[in-house]
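Please find below a short set of comments on the model under review. They are arranged as numbered points, each on one topic.

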Amino acid sequence: MDPGRKKQQRFIIFAGIFLTNALLAEIIGVKIFSAEKTLGLNPANINLFGDFVLDFNLTAGVIIWPVVFLTTDIINDYFGKQGVKKISFLAIGCITYAFIAIWIITKLVPADFWLNVNAE
């Protein structure tokens with residue numbers, strides 16, 4: 001196989017992993033979970049400054065965001081700063097498109113039967 005083609009295939013694979021995980025992390029980021037309860041522990045309840053209680057409540061995006069960072073490092077190693085820049089701008093575009101599509105879709109009026117099914 002041609003080395004240039006192999007390099008291009010590698011970029012497509014890493015770009016797919018990067019984009020999928022970046023987009024998923026943004027979408028599932030609205031879910032907030034308790035790290036302590038997930039691990040079967042009691043909440044930390046750390047008092048800070050007397051008024052603020054710190055627990056380990058996190059966005060679900062933190063679960064897969066490390067994959068984005070790892071693929072960024074791999075892309076940088078294979079394709080340099082330009083490769084990371086290219087995939088980062090592509091990710092920004094895809095995430096923006098996804099949020100606009102989700103926003104528009106949430107504005108659609110639901111069908112009557114759907115409201116009835118979900119009311120039960």
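1. The expected span of a helix is 1.5 Å times one less than its number of residues. For helix 1, which covers residues 3-28 and so has 26 residues, this rule gives 38 Å. The C-alpha atoms at the two ends of helix 1 are 37 Å apart, in agreement with the expected value. It should be kept in mind throughout that the model is predicted.

2. Which residues of helix 1 are buried? They are F11, F14, A15, F18, L19, N21, A22 and A25. The partner against which these buried residues pack is helix 3, residues 61-106.

3. F18, located in helix 1, illustrates this burial. Its relative accessibility is 6%, and it therefore counts as buried, the cut-off being under 20%. Not counting residues up to four places away in sequence, F18 touches V68, T71, T72, I75, I87, S88 and A91. As for D77, which is 59 residues from F18 along the chain, the C-alpha atoms of the two are separated by 14 Å.

4. Five aromatic pairs are present in the structure. One of them joins F14 and Y78, with 5.8 Å from centre to centre and 25° between the planes, and is classed as stacked. This pair links distant parts of the chain, since F14 belongs to helix 1 and Y78 to helix 3, 64 residues apart. The two partners should be described separately as regards exposure: F14 has a relative accessibility of 15% and counts as buried, whereas Y78, with a relative accessible area of 43%, is partly exposed.

5. What is the geometry of the pair formed by the rings of F113 and W114? The pair is edge-to-face, because the planes stand at 85° and angles over 60 degrees fall in that class. The ring centres of F113 and W114 are 6.4 Å apart. F113 counts as exposed, at 56% relative accessibility.

6. Ring pairs also connect several aromatic residues into a cluster, whose members are F11, F14, Y78 and F79. Of these, F11 and F14 are among the buried residues of helix 1.

7. A nonpolar patch of about 380 Å² lies on the surface and is made by L24, I27, I28, F99 and I102. Helix 1 and helix 3 are the elements that each give two or more residues to the patch. Helix 1 gives the most, with three residues. F99, a residue of helix 3, has a relative accessible area of 38% and is accordingly partly exposed.

8. Strand 1, residues 32-34, includes F33. Is F33 buried or exposed? With a relative accessibility of 18%, F33 counts as buried. When neighbours within four places in sequence are left aside, the contacts of F33 are T38, F56, N57, L58, T59, A60, V62 and I63. For one of these, T59, the C-alpha atom is separated from that of F33 by 6.3 Å, although the two residues are 26 residues apart along the chain.

9. In summary, two points deserve attention when the model is described. The buried residues of helix 1 pack against helix 3, and the stacked pair of F14 and Y78 links helix 1 with helix 3. Helix 1 and helix 3 also both contribute to the nonpolar surface patch.

Definitions and conventions. Residues numbered from 1 in each chain as written. Predicted model: local features only at pLDDT ≥ 70, side-chain atom pairs only at ≥ 80, totals over all residues. Heavy atoms only, no water. Helix = DSSP H or I, 4+ residues; strand = E, 2+ residues; numbered from the N terminus. Buried < 20%, exposed > 50% of the residue type's maximum accessible area, 1.4 Å probe, protein only. Contact = heavy atoms within 4.5 Å. Patch = residues over 30% accessible without salt bridge, like charges linked within 9 Å, V, L, I, M, F, W, Y side chains within 5 Å. Areas by Shrake-Rupley, 256 points an atom, 1.4 Å probe, with all protein chains shown as cover. Salt bridge = Lys/Arg side-chain N within 4 Å of Asp/Glu carboxyl O. Phe/Tyr/Trp six-rings, centres within 6.5 Å; stacked < 30°, edge-to-face > 60°.
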